[in-house]
Amino acid sequence: MAYVRRNTIKCIGILTGGGDCPGLNAVIRAAVKTAIGRYKWKVLGIEDGFEGFLRKGSIKELTLGSVRGILPRGGTILGTTNRGNPFRMVVKRGGVEKVVDSSKRILASFRDSGMDALVVIGGEGSLGIARDLYKMGLPVVGVPKTIDNDLSATDITFGFDTAVNTATEALDRLHTTAESHHRAMVLEVMGRHAGWIALRAGISGGADIILIPEIPYDIDKVCSAIKHREKHSKFSIVVVAEGAMPAGGDISSIGKTADGVVRLGGVGDRVARAIEERTGVETRVTVLGHLQRGGRPTSFDRLLGTRFGAAAIDLVARGGFGRMVALRTPSIVDVDIVEACGRLNTVDPKGDLIVTARDVGISLGA
Ligand code: F6P
């Protein structure tokens, strides 16, 4: 799609929002290199997501020196937060908690810092905030990120591949100890309401049972799969997505964030206890947690992050505001940011990966 070229741009801002994810630094590095090297723009980094706009001293110039050596590093050099939607910020005034709308302060801070455009690297939440600020006049371009791979506007998000690799390696390690002790091992992985990490890592890591949110499980079927395996192998490997739930039952949660977002967790323990009680097989649970978000990005995520970062800057140069870069294999395209925040990308229960899983004898607990 062609846009009007905005020759007036001299300075852009970049921020990372939401949960961190491997590959964020690759995006920042590519964006800075492209903005400075190709377009001769000044680049400002906003610390800790949108919060940095509201705090003194949290907007700093990014130079080529600032991004040197960060490509293999996990996390984000800018810092991030998955709390504090600026449209509904919880603040304490006189000891009393109040919800305030800080969006106008963000627009003012953006203007006062001399930025002409803003690149927001974020997941569903941060891109939704970017979309709402765009509607208020902020010239914004989005870059999709999440280990969950649950954004439907892009074929894949960076960070996901690293998370799947980490979970696969965990399964390799669990296999050897499971086999030695003749145990069932349950691995709980992240992904929120999408089962992508569980499914891909489960297939790659040779799991016997994979439970995902898209296919509510029947614990009797899970247990009979374990019993069936007992006949020829004295151990079993179960991968459970944190958002998995029993048919007719509830999702397992460990409370809510300050913003009221449900924190998922506990299903691994729930499944492990049920297996042990019903089958008598000694069972242990491992919650992989934030190990999936940390550490060095895979080459896939570094490459995708680099492509997204460079493409986001080209999109700014074309005046493609209110849009987001996305992978439509084999190309990097741009899509309406509203589309990006719409439908979740979840596993198709009749899709190819599920068929493969069943073909190779993996039980999906249903
Ligand atoms: O969205 C990424 C993610 O890692 C989810 O998979 C997980 O449910 C959530 O973030 C954890 O968030 P927090 O870092 O707040 O514990």
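The chain folds into 10 helices and 15 strands. Its radius of gyration is 22 Å, close to the 21 Å that the globule rule gives for 366 residues, so the chain is as compact as a globular protein of that length. This description rests on a predicted model. Along its principal axes, the C-alpha trace spans about 70 × 50 × 35 Å. Of the 366 residues, 54% count as buried, and the accessible surface of the chain comes to about 15900 Å², with 50% of that area belonging to carbon and sulfur atoms. Contacts also reach across the sequence: among those between residues at least 6 apart, 71% join residues at least 24 apart.

A good place to begin a tour of the fold is the sheet. Here 7 strands form an open sheet with mixed pairing, and reading across it gives the order β3-β2-β1-β6-β7-β14-β15. The edges are taken by β3 (59–62) and β15 (331–336), each of which pairs on one side only. On average, neighbouring strands of this sheet are turned by 30° against each other, direction ignored. At the β3 edge, the partner strand is β2 (residues 42–46), and the two pair in the antiparallel sense over 4 bridges. One residue pair can be picked out here by eye: L44 has E61 of β3 as its bridge partner.

Helices accompany this sheet. Helix α1 (residues 24–38) lies across β1 (11–16), β2, β3, β6 (117–122) and β7 (140–144), and runs at about 180° to β1. Helix α8 (residues 299–317) also packs on the sheet, where it touches β1, β6, β7, β14 (323–328) and β15. The direction of α8 makes about 140° with that of β14. Strands β1, β6 and β7 are thus named among the strands met by α1 and among those touched by α8.

Helix α8 rewards a closer look. At 1.5 Å a residue, its 19 residues should span 27 Å, and the end C-alpha atoms are 27 Å apart, which agrees. Many positions along α8 are buried, namely D301, L304, G305, F308, G309, A311, A312, I313, L315, V316 and A317. A general point about helices helps in reading such a list: an α-helix has 3.6 residues a turn, so residues three or four places apart point the same way. Among the buried positions of α8 are L304, F308, A311 and L315. After α8 comes G319, whose phi is positive, near 70°.

Notes
Residues are numbered from 1 along each chain as its sequence is written. This is a predicted model: local features need pLDDT of at least 70, side-chain atom pairs count only at pLDDT 80 or more; totals for chains, interfaces and linings use all residues. Side-chain values use heavy atoms; hydrogens and water are left out. Two strands pair if DSSP finds at least two bridges between them. Axes are lines fitted to C-alpha atoms, for helices over the stretch in contact, and angles run from 0 to 180 degrees between N-to-C directions. Contact means heavy atoms within 4.5 Å. The radius of gyration is taken over C-alpha atoms; the globule rule is 2.2 Å times the number of residues to the power 0.38. Buried means under 20% relative accessible area, exposed over 50%, partly exposed in between (1.4 Å probe, protein chains only). Accessible areas come from the Shrake-Rupley method with a 1.4 Å probe; for residues, only the protein chains shown count as cover. The expected span of a helix is 1.5 Å times one less than its number of residues.
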